[in-house]
Amino acid sequence: MGNHADRTTGQTPGRDFTAASRDALVESLLAAGPGRPTLCEGWQTEHLAAHVVLRESSPLVAGLVLRPLSRSLERKTRELGAASSSPHAYQQLVDRVASGPQPPARLRQNPRASRLAKTIQGSAAARRAAQATNLLEFFVHTEDVRRAQDRWAPRHLADDYANALFTEFGRRVRMMYRSEPTGVVLARSTGQRLVARPTGKDEETRTVSGPAGELVLHAFGRRDHALVLVD
């Protein structure tokens, strides 16, 4: 597999932010190697890679939202991870993460259908759908790998990439903080603010401050590892 440079740390006009996030995730998985810890409880790097592959290719992904299928999804994740714990098998699994979702074999064998599938995948609508589905997921899982290793350091994210994260994050932030016992305001280091959970009568308000990426990690439950200030 070729090099996967981290395109989240430099300005590039018109970039595909989801592709940049995927590349950064692949880079972090390769740098860590198999059998390394992650911030996802009970998962090593091969399990996290298996999760991403299954999320994009298996009908069991419904287990992420449907409790009856969650055990089957977790079992399949552990099985695929365990089968990919050797260096060679791990490389193949990470290659699948890098490749992303592929058309069914019957379409790949049909040149016309294959070209059509690639055209659809490259369309603006498809990129927008991928960003809504994967941008935050890939960013968080990249940090799940990086921040579980020794001597990690926060990445300096390019402004346009950080803006894309914050914009996507803003679309779902109230759902993510709906169970908080107080009002929550998120204050980005650039000055932008989001009301994550409105303050009710006689309730206190907490302000969580930090760069866009750190606020995303806080919202996704990585609170012990997010570099934020809570007032």
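This is a short tour of one protein chain, meant to be followed with the structure open in a viewer.

**The whole chain**

Begin with the chain in cartoon view, keeping in mind that the model is predicted. The chain holds 10 helices and four strands, and when it is traced from the N terminus the elements run α-α-α-α-α-α-α-α-α-β-β-β-α-β. Switching to a surface display shows an accessible area of about 12,600 Å², of which 52% belongs to carbon and sulfur atoms, while buried residues make up 44% of the 231 residues. If the contacts with a separation of 6 or more are considered, 57% of them are between residues 24 or more positions apart.

**The largest nonpolar core**

Next, select Phe139, Tyr161, Phe169, Tyr177 and Leu186, which touch the most other members of the largest nonpolar core, a group of 27 residues. Colouring by element then helps to place this core, since helix H7 (124-146), helix H8 (159-170), strand E1 (183-188), strand E2 (193-197) and helix H10 (212-219) each supply at least two of its residues. Which of these elements gives the largest share? That is H8, with six residues.

Centre the view on Leu186 and display what surrounds it: beyond the residues up to four places away in sequence, Leu186 touches Phe169, Val173, Tyr177, Gln192, Arg193, Leu194, Ala196, Val208 and Leu215. Apart from the core just visited lies another, of 20 residues, and Leu29, Cys40, Val94 and Val97 are among them. As a general background to both stops, nonpolar side chains in soluble globular proteins tend to be buried together.

**Aromatic rings**

Now show the aromatic side chains, among which the structure holds three pairs. For the pair of Phe139 and Tyr161, the ring centres are 6.5 Å apart and the planes stand at 55 degrees, so the pair is classed as tilted. This pair links distant parts of the chain, with Phe139 in helix H7 and Tyr161 in helix H8, 22 residues apart. Both Phe139 and Tyr161 are buried. Add Phe17 to the selection, and the ring pairs are seen to link Phe17, Phe139 and Tyr161 into a cluster.

A contact of another kind can be found by selecting Arg188 together with Phe166: the charged end of Arg188 sits over the ring of Phe166, 5.1 Å from its centre.

**Asp144**

Return to helix H7 and select Asp144. Is this residue buried or exposed? Asp144 counts as buried, because its relative accessibility is 0%. Its side chain is joined to that of His141 by a polar contact of 2.8 Å. Leaving aside neighbours within four places in sequence, Asp144 is in contact with Thr38, Leu39, Cys40, Leu48 and Arg222; of these, Cys40 is also one of the residues in the core of 20.

**Thr45**

The last stop is Thr45, in helix H2 (residues 45-57). Thr45 likewise has a relative accessibility of 0%, and therefore counts as buried. A distance drawn between the C-alpha atoms of Thr45 and Leu29 comes to 6.6 Å, although these residues are 16 residues apart along the chain. Which residues does Thr45 touch, not counting those up to four places away in sequence? They are Leu29, Ala32, Gly33, Pro34, Gly35, Arg36, Pro37, Thr38, Tyr90 and Val145. Thr38 also appears among the contacts of Asp144, and Leu29 is one of the residues of the 20-residue core.

Notes:
Residues numbered from 1 in each chain as written. Predicted model: local features only at pLDDT ≥ 70, side-chain atom pairs only at ≥ 80, totals over all residues. Heavy atoms only, no water. Core = buried A, V, L, I, M, F, W, Y, C linked by side-chain atoms within 4.5 Å. Buried < 20%, exposed > 50% of the residue type's maximum accessible area, 1.4 Å probe, protein only. Contact = heavy atoms within 4.5 Å. Phe/Tyr/Trp six-rings, centres within 6.5 Å; stacked < 30°, edge-to-face > 60°. Lys NZ or Arg CZ within 6 Å of the ring centre and 35° of its normal. Areas by Shrake-Rupley, 256 points an atom, 1.4 Å probe, with all protein chains shown as cover. Polar contact = N/O pair within 3.5 Å; in protein donor to acceptor, adjacent residues only side chain to side chain.
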